[in-house]
2 protein chains.
Amino acid sequence: MRPYALATLRPQVHMRLETDPYLSRYADRVTGLSASEIRALFSVAERPEIVSFAGGMPDLSVMDLEAVAELTGHIIRDQGTVALQYGGGQGRAALREALVGVMAHAGVPATADELLVTVGGQQALELIAKCFINPGDIVIAEGPTYVGAVGAMSSHQADIRHVAMDGDGMRMDLLEELLAQLAREGRSAKYVYTIPNHQNPGGVSLSEARRRRLAELAVEHDLLVIEDDAYGLLGFDGENATSLRTLIPERVIYLGTMSKTFAPGVRTGWIAAPTPVREKLVLLREAADLCPSNLTQLMIERWLTTQPWQDQVKRYRALYQHKAELMLEALASEMPVEVDWTRPRGGFFVWLTVPRGIDTSGLLAKAIGRRVAYVPGRGFYDDGSGGDQLRLCFSFPPVDRIREGVSRLAELLHDELGLLRAVYGDGAPELAGRRDELGRA
Amino acid sequence: MRPYALATLRPQVHMRLETDPYLSRYADRVTGLSASEIRALFSVAERPEIVSFAGGMPDLSVMDLEAVAELTGHIIRDQGTVALQYGGGQGRAALREALVGVMAHAGVPATADELLVTVGGQQALELIAKCFINPGDIVIAEGPTYVGAVGAMSSHQADIRHVAMDGDGMRMDLLEELLAQLAREGRSAKYVYTIPNHQNPGGVSLSEARRRRLAELAVEHDLLVIEDDAYGLLGFDGENATSLRTLIPERVIYLGTMSKTFAPGVRTGWIAAPTPVREKLVLLREAADLCPSNLTQLMIERWLTTQPWQDQVKRYRALYQHKAELMLEALASEMPVEVDWTRPRGGFFVWLTVPRGIDTSGLLAKAIGRRVAYVPGRGFYDDGSGGDQLRLCFSFPPVDRIREGVSRLAELLHDELGLLRAVYGDGAPELAGRRDELGRA
């Protein structure tokens with residue numbers, strides 16, 4: 001499940017270092033890499049009695065499986081020797097044409113030649129990190145940011161600097177401050193990684209004014225920007241925000257994915273990049289896995305060219321809006337006043353901030369004991385922050401269990417706050433939220 | 001197409017370095033990476049009038065496409081919400097169980113827990129390189145070796161040392177010499193990469209005696225061995241050789257793939273590794289692309305558990321044996337006496353050595369002009385060797401065009417040798433083959 005696996009990919013102390021006889025052989029980049037205890041907890045969280053807000057997954061119950069089965073059968077019968085054969089590293093031209101249509105629907109210009117088909121959005125993040133990052137290179141990302149991006153960049157030994165968000169997305173004043181500081185140090189960032197639409201995990205979007213400011217800063221500081229648009233078509237109001245690629249195309253590497261608007265099981269994402277960069281990325285992709293699956297490429301080609309795919313996006317959007325409303329209502333009525341959260345207008349996630357005295361990593365075992373699961377906040381930062389934050393996914397859990405799950409978590413937090421009050425007394429800093437960042441938007 | 005894309009992934013001088021405005025931003029590992037002119041030639045080689053021995057592809061004309069279409073339709077209808085959802089990074093347990101069965105059929109012991117499902121064999125090579133190679137680290141590989149392995153290792157800045165082969169595979173005397181030399185320099189190799197069965201591109205297999213000697217040397221020099229078994233089940237006689245994993249399991253990382261025994265379009269390979277290594281590789285795979293496709297995993301699961309998959313392997317084996325015989329007969333009757341080649345007993349490839357005066361990279365354009373294509377030898381080495389060698393694939397071209405293609409290539413080589421004789425005179429070193437390495441076996 002997407003976030004389970006990646007929640008703790010960041011290097012950390014491995015309890016069993018001494019017992020790994022292969023330790024001296026590993027490359028520097030992986031010596032500290034280790035699975036954590038949280039992984040074990042998440043396998044427990046898959047039990048049916050637990051309401052899991054952890055996995056960042058689409059709800060496939062509204063997918064037209066019959067249509068997918070039928071078109072897939074046709075592909076194998078009619079084009080089987082192509083579908084099951086090797087393909088080119090850049091991905092099929094016909095699929096890239098169709099993806100240009102998806103981008104156009106999101107208001108983002110591109111040509112098929114600029115695109116590289118990837119194994120989901122994650123491979124795009126890995127290829128870009130591999131293409132640009134030398135050990136110790138600085139990259140800038142929202143704080144919190146997508147855990148898989150942290151994983152990909154960390155695996156290339158990036159020095160990740162986080163810029164906090166508020167309800168309007170990444171704070172440009174803080175970005176500017178960071179860029180000025182780097183300039184004073186004679187350093188620069190390899191790129192800025194941003195998820196401007198319905199951010200994972202923040203659940204907020206970059207405002208129009210800040211998009212324009214980010215574009216200005218990119219020009220001023222000669223920056224590349226990675227624009228991860230996983231959730232752009234999943235705004236509840238169906239409107240498109242201005243993409244960074246529209247503003248500064250030669251400075252933007254744009255990422256799209258079919259995982260949210262179609263389904264993740266076909267593992268299909270894409271990169272739109274300036275031609276010289278796209279050429280390098282194709283070579284790296286060939287070293288990584290040769291080529292994407294022709295079969296799943298043909299499935300998406302047919303889906304986009306013969307099926308009413310925009311209706312499917314609308315079905316997802318309506319379902320997620322309903323689920324988000326259920327979650328936000330439940331949070332408003334159940335949570336202690338000391339807890340803050342974001343108000344998403346699209347995407348998959350709500351981001352919660354609890355009082356500092358509570359450690360969300362440590363709390364997870366208790367939460368699972370009370371039959372509710374979330375992802376602790378630390379995995380979404382590379383600097384140890386996030387211990388008082390957590391991510392809730394509303395897209396996947398069944399409609400009729402969202403309230404129940406929120407109640408269980410709220411009850412646990414009430415109990416924890418009661419303990420804190422007993423220890424520290426009312427009004428102690430341990431009981432205060434952090435309203436200056438991603439608190440109440 | 002598999003070898004087209006990778007033939008020239010090795011870093012080389014880029015003619016357009018000055019024109020790439022992103023040049024200063026790339027990581028060191030990719031600055032020199034560039035597509036070559038050979039790539040453009042290969043796109044021409046796909047024209048129907050050309051007999052292409054270039055692509056290292058299976059012949060899917062003998063696949064039971066109806067069975068694949070039917071089982072895939074069932075999967076999407078019955079398990080669609082699983083097939084199209086995210087999965088775990090290690091791959092489905094049921095598929096890993098089934099792959100253990102495939103390994104057992106090849107005489108290689110394993111448990112499902114030791115396996116990691118990858119995106120073809122190529123991802124396995126990339127993950128292993130990323131796991132072990134620091135820039136400048138030494139790895140040892142056969143010379144020539146699989147071009148995609150050169151690509152993956154080079155992209156992590158490995159120092160690849162080749163060990164020549166003869167008809168019995170990698171020469172252990174030369175390996176021993178290299179290991180002794182490294183020991184004298186106080187250096188060691190991160191691993192030895194070998195394709196012991198029906199090597200790509202050499203077309204030869206490691207003898208039983210050498211397998212045992214390689215195992216001894218691995219223990220003596222404390223080496224890891226990467227055993228790439230892409231072609232193990234495609235021996236024409238249907239017999240299994242002793243796998244290195246059987247001899248020294250704790251020192252071997254074993255790679256398998258469904259690309260040759262089923263089809264490449266499902267992009268499914270696997271790694272069998274000692275547990276601590278497998279754990280690291282799972283983390284790296286999650287950073288690389290999160291998880292393999294549940295859909296294609298379920299397809300292979302059903303294929304292996306409900307279909308007579310061993311009959312399919314037999315069909316491939318018989319077809320390739322027939323094609324190999326046609327190619328070897330044509331070579332014997334058409335080629336100049338100065339040309340040497342290997343006699344494969346399985347796999348996909350014949351490896352040709354031509355007199356030193358002929359450069360196979362330069363010759364390719366002329367060959368395509370004469371409506372025949374091959375892969376020049378240089379891509380299979382990381383040290384500039386192979387200019388007088390080339391790879392012919394017999395598995396993919398149609399039965400009725402193999403002789404025709406060999407005749408065209410033989411005619412070209414006769415003409416080139418005629419030119420050389422005219423320039424240098426009979427008996428000149430430029431006209432002599434290299435019978436000490438992969439010449440006539």
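Q: Which residue of chain A comes closest to the rotation axis in this predicted model?
A: Gly73(A) does, with its C-alpha at 2.9 Å from the rotation axis.

Q: What makes the two copies related as by a two-fold rotation axis?
A: A turn of 180° with a shift of 0.0 Å along the axis lays chain A on chain B, and the RMSD is then 0.0 Å. The two copies are therefore related as by a two-fold rotation axis.

Q: How many residues does each chain give to the contact?
A: Chain A gives 71 residues, and chain B gives 71 residues. Among the elements of chain A that supply two or more residues to this side are helix H1 (2-6), helix H5 (120-132) and helix H11 (294-306). The largest share, 11 residues, comes from H3(A). By class, the side of chain A that touches chain B holds 38 nonpolar, 19 polar and 14 charged residues.

Q: Why is it said that the copies meet through the same surface?
A: Of the interface residues of chain A, 100% are also interface residues in chain B, so the surface is the same on the two copies.

Q: Why does Val219(A) count as buried, exposed or partly exposed?
A: Val219(A) has 13 C-beta neighbours inside 10 Å. A buried residue needs 20 or more, and an exposed residue has 12 or fewer. Val219(A) therefore counts as partly exposed.

Q: Where is Val219(A) found in chain A?
A: Val219(A) belongs to helix H8 (residues 208-220) of chain A. Its C-alpha atom is separated by 25 Å from that of Trp270(A), and the two residues are 51 residues apart along the chain.

Note on methods:
Residues numbered from 1 in each chain as written. Chains lettered and ligands numbered in written order. Predicted model: local features only at pLDDT ≥ 70, side-chain atom pairs only at ≥ 80, totals over all residues. Least-squares fit on C-alpha atoms with pLDDT ≥ 70 in both. Contact = placed C-beta atoms within 7 Å. Helix = DSSP H or I, 4+ residues; strand = E, 2+ residues; numbered from the N terminus. Nonpolar A, V, L, I, M, F, W, Y, C, P; charged D, E, K, R; others polar.
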